[in-house]
Amino acid sequence: MVGTLLLALFVGVLVVQAYINSEFTADHKDSEVGDQAHVPDAIRHGGPIINTTGGQASSSRLPAKTIALTFDDGPDPVWTPKVLQVLNEYGAHGTFFVVGSEVARHPELTKSITDAGNEVGLHTFTHPNLQRIAPWRRNLELSQTQVAIARAANVRTNLARFPYSSKPNAIDDINWKIVKAAGKDGYLVVVNDKDSEDWQRPGIAEILRNATPEADSGAVVLFHDSGGDRAQTVAALRSYIPMMQSRGYRFTTVTEGMNLAIQQQQKQPLLAVNPAAEPTDRWRGSALIWTVRLADALVWIIAGLFLVVGLLTVGRTGLLLLLATKHARQRRKKTFSWGPPVTESVSVIVPAYNEKEGIEAAVRSLAGGDYPHIEVVVVDDGSTDGTAALVERMHLPNVRVVRVPNGGKANALNTGVALARSNIIVTVDGDTIFERDSIRMLVQPFADPRVGAVAGNVKVGNRNNLVAGWQHIEYVIGFNLDRRLYEVLNCMPTVPGAIGAFRREALDRVGGISDETLAEDTDVTMAMLRDGWRVVYEERAKAWTEAPATMEQLYRQRYRWSYGTMQAMWKHRRALTDSGASGRFGRVGLPFLALFGLALPLLAPVVDIMLVYGLVFWELKETVTAWLLMLALQLFTAAVAFRFDRESMVPLWRLPLQQFAYRQLMYLVLMQSAVTALTGGRLRWHKLHRAGLTGASSVPPVQRPLTLPQQNVAPAVDTWPPSLEQKPVAGHPAAGRATARPVVPMQTQVMRPEDLPSAGSPPGGGSGSIRTRG
């Protein structure tokens, strides 16, 4: 809902901006005059001030030696004050036909025009060609400008000049209908006798020639105080006004000139210059001006965010390529080594809740690895689909099955660690398949005594599906390439649950796997970094996982990931002010993750917003070019990542399509996660539907069942770890709550009724509710 409201707000703002930002061009265009059969001769051969009010059709000229200077397209914060200064220096007045959107932006300039004795007239709100818009839009263009003037200067006007209008003899039947419609609303339509053509910037001498009336005739002369560089206009006025004054000319506003003509004809009544505005118009004008200001402000904010996103994207890409390349080159050196080969026993913990689709392939791949000493502990977390029974029927000699009441993933992991016999712990998701050498590769970094945890290389196994194929690209670029960078900076935030290894001592020091966040893998990794351990990435240790195959499943998974990451960042926020290793992580890892993991994705929607805005309202060529450049940058980064991972480049054809569905889904995920976190909402663990992978080709299936000798029931576990003398350090800054529930005494080789699926599945398909602490 929040995402939809924000999107509607941005779209509304951009529509308002697109409306009020019509680009100013010349006030008349060279075009053929249409049929004039219905235009009265008195109009075509008459004066520049046309009156169709009350159904009449008349026009007026200014008296001899009278000039009404008129200025179109303002007010402009640069050029209008300079024009006003020139008029004031020579005691002249003028009529400013203002654009309503500019009045709304610069109301103080509009007031300065009238305060100096000048007159204002309407030049529409957005400067459109009135022949090309609907009648209702024409009325809106004039009425909006009127109320904007009312609020800005507390005056109203009866004068209107249409954009791209010319002289009376250029009025054709189409224009005549528009002029008559304006007359019904009480407006006098003003064209011109002389066009200075200053908008073309032909030079001061040419402007003077164009603006000079023949003989001693009066004239309405057209200039501009906005719409471009008006330096020639200002310079020409400094020569034009004294030159014409020396010839006996007087400078008036349009209405003052009309009143002089009325007086000469001894007619009444005279017209008011800048009559007072109605209070209702002032109120409407206030609303209009604030709407324009809000739209302008938000667009500036969006433009600023767009710039920030661009800088962050380019900066992140540059840093990523630099450090990831450094990492890859270091690993490929023939002299690189973690130390002496690691051969000590390894315990693999597989927390499983309703994993019948993939548990057999996963366990077989783990138990059949080429590492010499592998113990697999499958912790069945209260499954109701016979997961534990399926594993037991495999009769693998190095696999144990432990059943615990449903208590969540962290509880299952802690139980498995407590029962593990080894000091090196590998954690695996129940839907993940290891390659034959994955465990051997994964544990080699423990030859370095500083290494507390190792992140493996997670691969998408069902990548033929379009949605999963997008995730394959993301895993290679966004996860595996990022992990190279994080290792160089020593701030890797997550050891993935699909394939990760931990030193038991390191787990013990941070209090085990905490259940205080939904991202237990991120939580424990951050805790280890704060404790001073190194967390590294081993690209050769590969694990194949089943990615969500539908957008709905993907949304649920990423919602949990994003929310859990935010929880973990908040939990470890005190690292920002800590000293030592915790402080180093807090001042490097947390800001990096906040900036590039949260802020950049949350701000990324402005790229799409500006793309749509550019395609609809801006220059199509420039917009498409900018988008293609950004796509090219992404493709280049993707190509580097795929080369580092020795992956085929073929799947990258999906990357352009990813810009139009996948990214937008991630926006919504982050928005909802942020709202949930800020409002203190609680999120349950969402169990994903699994179809199961085909299996690991490098691990041969067991040809005949193996008899598993009778084992003693594992002892009940009350606290973690029960078998080590060293207890968690209570005062450690990364210590968290991690309590394993008692193990259910069912370690058998005989299928019992309770081993079969039952109706007692946990509500909502989850593995227990997660409660977070501040």
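Glu197 has a relative accessibility of 29% and counts as partly exposed (the class between buried, under 20% relative accessible area, and exposed, over 50%, with a 1.4 Å probe and protein chains only). The model is predicted, so local features need pLDDT of at least 70 and side-chain atom pairs count only at pLDDT 80 or more, while totals for chains, interfaces and linings use all residues. Residues are numbered from 1 along each chain as its sequence is written, and side-chain values use heavy atoms, with hydrogens and water left out.

**Exercise 1. Backbone exceptions**

Task: Find the loop that holds Glu197, then describe the backbone at Glu197, Asp73 and Pro75.

Solution:
- Step 1. Glu197 sits in the loop between strand 8 (194-195) and helix 8 (204-211); helices and strands here are DSSP runs (H or I, at least four residues, for helices; E, at least two, for strands), numbered from the N terminus.
- Step 2. Recall the background: most residues other than glycine have a negative phi, and most peptide bonds are trans.
- Step 3. Glu197 is not a glycine, yet its phi is positive, at about 55°.
- Step 4. Asp73 also has a positive phi, near 85°, and is a residue other than glycine. Asp73 lies in the loop between strand 3 and helix 3, and it is buried, with a relative accessible area of 1%.
- Step 5. Pro75 belongs to the loop between strand 3 (66-72) and helix 3 (79-89). The peptide bond leading from Gly74 to Pro75 is cis, with omega near 0°.

**Exercise 2. The whole protein**

Task: What share of the 774 residues is buried, and what share of the contacts with a separation of 6 or more joins residues 24 or more positions apart?

Solution:
- Step 1. Take stock of the elements: the protein has 24 helices and 18 strands.
- Step 2. Of the 774 residues, 55% are buried.
- Step 3. Among contacts (heavy atoms within 4.5 Å) with a separation of 6 or more, 82% join residues 24 or more positions apart.
- Step 4. Turn to the surface: about 33,500 Å² is exposed, and carbon and sulfur atoms supply 58% of it (Shrake-Rupley areas with a 1.4 Å probe; for residues, only the protein chains shown count as cover).

**Exercise 3. Following helix 20**

Task: Work out where helix 20 is kinked and which helices its buried residues pack against.

Solution:
- Step 1. Helix 20 covers residues 580-603, and its 24 residues reach 32 Å from first to last C-alpha, close to the 34 Å expected (1.5 Å times one less than the number of residues).
- Step 2. Look along the helix for a bend, taken as the angle between axes fitted to the seven residues ending at a position and the seven starting there. A kink of about 30° is centred on Gly586.
- Step 3. Gly586 is one of the buried residues of helix 20, which also include Phe585, Leu590 and Leu593.
- Step 4. The buried residues of helix 20 pack against helix 11 (279-332), helix 16 (466-489), helix 18 (520-530), helix 19 (551-571) and helix 24 (662-678).
- Step 5. Check the span of one partner: helix 24 has 17 residues and should span 24 Å, and the 25 Å between its end C-alpha atoms agrees with that.

**Exercise 4. Two helix crossings**

Task: Classify the angle between helix 18 and helix 20 and that between helix 16 and helix 22.

Solution:
- Step 1. Set the rules. Axes are lines fitted to C-alpha atoms, for helices over the stretch in contact, and angles between N-to-C directions run from 0 to 180 degrees. Under 35 degrees is roughly parallel, over 145 roughly antiparallel, 65 to 115 roughly perpendicular, and the rest oblique.
- Step 2. Helix 18 and helix 20 have axes 8 Å apart and pack at about 140°. Helix 18 is therefore oblique to helix 20.
- Step 3. In this pair, Met526, Leu529 and Arg530 of helix 18 meet residues of helix 20 that include Ala581 and Phe585.
- Step 4. The axes of helix 16 and helix 22 (residues 620-644) come within 9 Å and cross at roughly 75°, so this pair is roughly perpendicular. Among the residues making the contact are His472 and Arg484 of helix 16, with Phe642 and Phe644 of helix 22.

**Exercise 5. Contacts of a buried threonine**

Task: Which residues does Thr145 contact, leaving aside its neighbours within four places in sequence?

Solution:
- Step 1. Thr145 lies in helix 6 (residues 135-153) and is buried, at 0% relative accessibility.
- Step 2. Beyond those neighbours, Thr145 contacts Val98, Val99, Gly100, Leu122, Thr124 and Phe125.
- Step 3. Phe125 is 20 residues away along the chain, and its C-alpha lies 5.2 Å from that of Thr145.
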